[in-house]
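Welcome! Take a moment to look over the sequence and turn the model around on your screen before reading on.

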Amino acid sequence: MSIRVIKPGLLTTVQDWGRIGSQSIGFNVSGVMDRRSYRLANFLVGNYTDEAVLEMTALGGSFVFLESNYIAITGADMGATIEGVPAPMYQTIFVREGDTLSFSAAKSGMYTYVAFAGGLDVPQVLGSRSTNLKCAVGGFEGRKLKSGDILPFRNTLDHLGDLHIHKLTPEDFSQSEVTLRVIMGPQDDYFTHEGIHTFLHAPYKVTQNADRMGYKLEGEPIAYKDSVDIISDGIVFGSIQVPPAGQPIVMLADRQTTGGYAKIATVASVDLPLLVQRKPGDTVRFHKVSAKEAEKLYKKEQKHFEELLLHYGEDLIC
């Protein structure tokens, strides 16, 4: 009831929705970078959305199945194959015992997700199976995967049963430029009028300094009034900090729990997948929306997931 890692890829970890509710004791949330791709992968194999998956970064690995199971692959296109035959993305796939699932470098996007029917059987730490690399807890032994690791399934489906084959339209992550909707604040008053104008109108490039903790962007410096130093306060997924150099940093899944630089804005949650799937060298722009507008966008996305469940029926949930 497991898979064995043949090649781990560049950075492959076990992740779920994240370690919610533990920031007050110093644990960052961790969890998947692209929450939409994560939810869709679990959806396609009939899991609840908090089941653990494999998250691969930029360059995928290869895995042999020690038992048959259903899987789904979403996110970045890493040219998945099963026994050398191209494997479809955003579709329920049956993989037989002894088959090898392989990936290469991402053709578009940065993060690929593999969900398994029944989920992965790794210990929960503070209510989550996500890997926290800095603290070396959660996931598989608190670390990225390496050759020879064996990950058991929590449950398997070796026959079709009530789990039907489903297909969704793959997301397109090939764009070299995207516009991200942002809610201004909470410290936008630290910046000059010109600085705010720059932030909302200038293009910014994703630098090589982009990882699970945050994406450092490069472009026209954002002017501030006196200082960007603040008394440290909480950071959420998508907070945009501006250090003294004036170059924005978008804080992501492995962000620290608090920070001492002013946050000019926060990326709307529905647009975070657009950001995290960008490669170094890609361009991002920012567009201001109200908190009410961002909430409407979020509710619209939640309604979409509810409609998928209604359309396909309860057979999608194990």
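The report below visits a barrel of strands and then a helix with one of its residues.

**The barrel**

Please keep in mind that you are looking at a predicted model. Seven strands in it close into a barrel, and going around you meet them in the order β12-β19-β16-β17-β14-β13-β20. The pairing between these strands is mixed. From one strand to the next, the twist averages 40 degrees.

A good place to begin your tour is β19, which covers residues 263-267. Is this strand mostly covered or exposed? It is mostly covered, since five of its five residues are buried. On one side, β19 is joined by three bridges to β12 (residues 177-184), and the two run antiparallel. Three bridges also join β19 to β16 (residues 239-241), again in the antiparallel sense.

Elsewhere in the barrel, β13 (residues 204-210) meets β20 (residues 283-288). How many bridges link β13 and β20? There are two, and the strands pair in the antiparallel sense.

To find these pairings on your screen, look for the residues in this table.

| Residue | Residue across from it | Strand of the second residue |
|---|---|---|
| Met184 | Ala265 | β19 |
| Ser239 | Thr266 | β19 |
| Lys205 | Thr283 | β20 |

**Helix α1 and its start**

Now move to helix α1, which spans residues 35-44. Because nine of its ten residues are buried, α1 is largely enclosed by the rest of the structure. Among the buried ones are Arg36, Tyr38, Leu40 and Phe43.

What caps the N-terminal end of this helix? Asp34 does, with a side-chain oxygen 3.2 Å from the backbone nitrogen of Arg36. Past the other end, α1 is followed by Gly46, whose phi is positive, near 80 degrees.

**A closer look at Ser37**

Ser37 lies in α1. Why does Ser37 count as buried? Its relative accessibility is 0%, and buried means under 20%, so Ser37 qualifies.

Asp34 turns up again here: its side chain and that of Ser37 are joined by a polar contact of 2.6 Å. So Asp34 caps the helix through the backbone nitrogen of Arg36 and also makes this side-chain contact with Ser37.

Which residues does Ser37 touch once its neighbours within four places in sequence are left aside? Ser37 is in contact with Thr74, Gly75, Tyr90, Tyr113, Glu171, Phe173 and Gln277. Try selecting them one by one to see what surrounds Ser37.

How values were computed:
Residues numbered from 1 in each chain as written. Predicted model: local features only at pLDDT ≥ 70, side-chain atom pairs only at ≥ 80, totals over all residues. Heavy atoms only, no water. Pairing = 2+ DSSP bridges. Helix = DSSP H or I, 4+ residues; strand = E, 2+ residues; numbered from the N terminus. Axes fitted to C-alpha atoms, helices over the stretch in contact; angles between N-to-C directions. Buried < 20%, exposed > 50% of the residue type's maximum accessible area, 1.4 Å probe, protein only. Polar contact = N/O pair within 3.5 Å; in protein donor to acceptor, adjacent residues only side chain to side chain. Contact = heavy atoms within 4.5 Å.
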